[in-house]
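Reader: I'd like to learn how to read aromatic pairs and helix packing in a model. Could you walk me through an example?

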Amino acid sequence: MPELRHDWRIEEINALLAMPFSDLMFKAHQVHREHFPANQVQVSTLLSIKTGACPEDCGYCSQSAKHDTSLERETLLPLQEVIDSAKTAQAHGATRFCMGAAWRNPTDKNLERVIEMVQAVKGMGLETCVTLGMLTDRQANRLKGAGLDYYNHNLDTSPEFYGNVISTRTFQDRLDTLEHVRNAGINVCSGGILGMGETRVDRARLLQQLANMKFHPESVPINDLVKIEGTPLAGVEKLDPFEFIRTVAAARIMMPKSYVRLSAGRAEMTDEMQAWCFFAGANSIFYGDKLLTTENPGESHDQQLFARLGIQAEAGQAGSVHM
């Protein structure tokens, strides 16, 4: 099998996900060791720079104006507040600073303010990432010119299940934004959310969409749904942890050179579940008490878990950092 493939058939992916658990873990871990240090994890921090009042109707999201989640709305943060947060993140071991704004798409005026943030954070020696909703070609090129390293825009789920979750933008809209980002020369960060009521075939189709892109996303966030009161998905049945781990393993096998990130939902994962995910090939996390508006394990807990597992944080441009 070639090292990098972009022609995965759904039957192959379904077969991967159906393998005996130990066999799948063994295969994924072998692939992981071929491409990454076995006990090293990249650490990112995510800050909400503009919270709430989003016109989209994403069924999982507390920031949608269409859902009553009692979330306090906030306007775009001042530049100095973002810089201070980035300094704190860097001091605690983060090598990438991600900024998220609850927009359907940024206006050009708001984009200029975000560009100031990107330039300031980049100047500190941190990698930069933003998630701002849909982008035009021109906006993507403006962000590239500002020095942006990564743009996050998740596909969320399979094309077939997508309409059960979101109606205000199409699956193709998401693909178009990713194409604009890739054409601008910005690294792509794109993954999905598991546990929204989708089937295993839907999870396979999500992975197929990601792995069969012309270039694999450099970063693939795998989120475990955080059920938020007031959202349409608040009452969905919890996904089997082993199914989540299997999906992480399949992502590692199919996209062997991509960083696979444990994103939202870690606060509800046991340490044992996270350890299995790391073994299966997850090698990136968000740290900090919050991920935009949802809970995340405390920084000290992550440090303790890393110590127990013998994991080190990946060193960034600022020098070697250990958690």
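Author: What follows goes from the overall fold to the rings, and then to the helices. Keep in mind that this is a predicted model.

Reader: Okay, overall first. How many helices and strands does the protein chain have?

Author: The secondary structure comes to 10 helices and 12 strands. Of the 323 residues in the protein chain, 57% count as buried. Among contacts with a separation of 6 or more, 74% are between residues 24 or more positions apart.

Reader: Now the rings. What describes a pair of aromatic rings?

Author: You need the distance of the centres and the angle of the planes. Searching the whole structure turns up 6 aromatic pairs. Take Tyr 162 and Phe 171: their ring centres are 5.6 Å apart and the planes stand at 85 degrees, so this pair is edge-to-face.

Reader: Is Tyr 162 buried or exposed? And what about Phe 171, buried or exposed?

Author: Tyr 162 is buried, at a relative accessible area of 4%. Phe 171 is buried too, at 9%.

Reader: Got another pair to practise on?

Author: Sure, try Trp 276 and Phe 279. Their ring centres lie 5.9 Å apart with the planes at 90 degrees, so that pair is edge-to-face. Both residues belong to helix H9 (residues 271-279), and being 3 residues apart there, they are separated by about one helical turn. Trp 276 is partly exposed, with a relative accessible area of 36%, and Phe 279 is partly exposed at 34%.

Reader: Which residues form one aromatic cluster with Trp 276 and Phe 279?

Author: Phe 21 and Phe 242 join them in that cluster.

Reader: Can a ring have a charge over it in this model? If so, where should I look?

Author: Look at Trp 8, where the charged end of Arg 5 sits over the ring, 4.2 Å from its centre. Then go to Tyr 150: Arg 96 lies over its face, 3.7 Å from the ring centre.

Reader: On to the helices. What describes two packed helices?

Author: The angle between their axes and the distance between the axes. Start with helix H1 (residues 10-17) and helix H8 (residues 241-254), whose axes come within 9 Å and cross at roughly 130 degrees. That angle makes H1 oblique to H8. The crossing of these two helices is right-handed.

Reader: Which residues of H1 and H8 make the contact?

Author: From H1, Ile 13, Leu 16 and Leu 17. From H8, Arg 246, Thr 247, Ala 250, Ile 253 and Met 254.

Reader: Let's zoom in on Leu 17. What is Leu 17 in contact with, leaving aside its neighbours within four places in sequence?

Author: Leu 17 touches Arg 200, Ala 204, Arg 246, Thr 247 and Ala 250. Arg 200 is 183 residues away along the chain, yet the C-alpha atoms of Leu 17 and Arg 200 are separated by 8.0 Å. Leu 17 is buried, with a relative accessible area of 0%.

Reader: And how does H2 pack with H8?

Author: Helix H2 (residues 21-35) packs with H8 at an angle of about 35 degrees, with the axes 9 Å apart. H2 passes H8 in a left-handed crossing. On the H2 side, the residues that meet H8 include Phe 21, Leu 24 and Val 31. Their partners in H8 include Phe 242, Ile 245 and Ala 249.

Reader: So Phe 21 and Phe 242 come up again here?

Author: Yes: Phe 21 in H2 and Phe 242 in H8 are among the residues where these helices meet, and both belong to the aromatic cluster with Trp 276 and Phe 279.

Methods: Residues numbered from 1 in each chain as written. Predicted model: local features only at pLDDT ≥ 70, side-chain atom pairs only at ≥ 80, totals over all residues. Heavy atoms only, no water. Phe/Tyr/Trp six-rings, centres within 6.5 Å; stacked < 30°, edge-to-face > 60°. Buried < 20%, exposed > 50% of the residue type's maximum accessible area, 1.4 Å probe, protein only. Helix = DSSP H or I, 4+ residues; strand = E, 2+ residues; numbered from the N terminus. Lys NZ or Arg CZ within 6 Å of the ring centre and 35° of its normal. Axes fitted to C-alpha atoms, helices over the stretch in contact; angles between N-to-C directions. Parallel < 35°, antiparallel > 145°, perpendicular 65-115°, else oblique. Left-handed = near helix turned anticlockwise from the far one by under 90°. Contact = heavy atoms within 4.5 Å.
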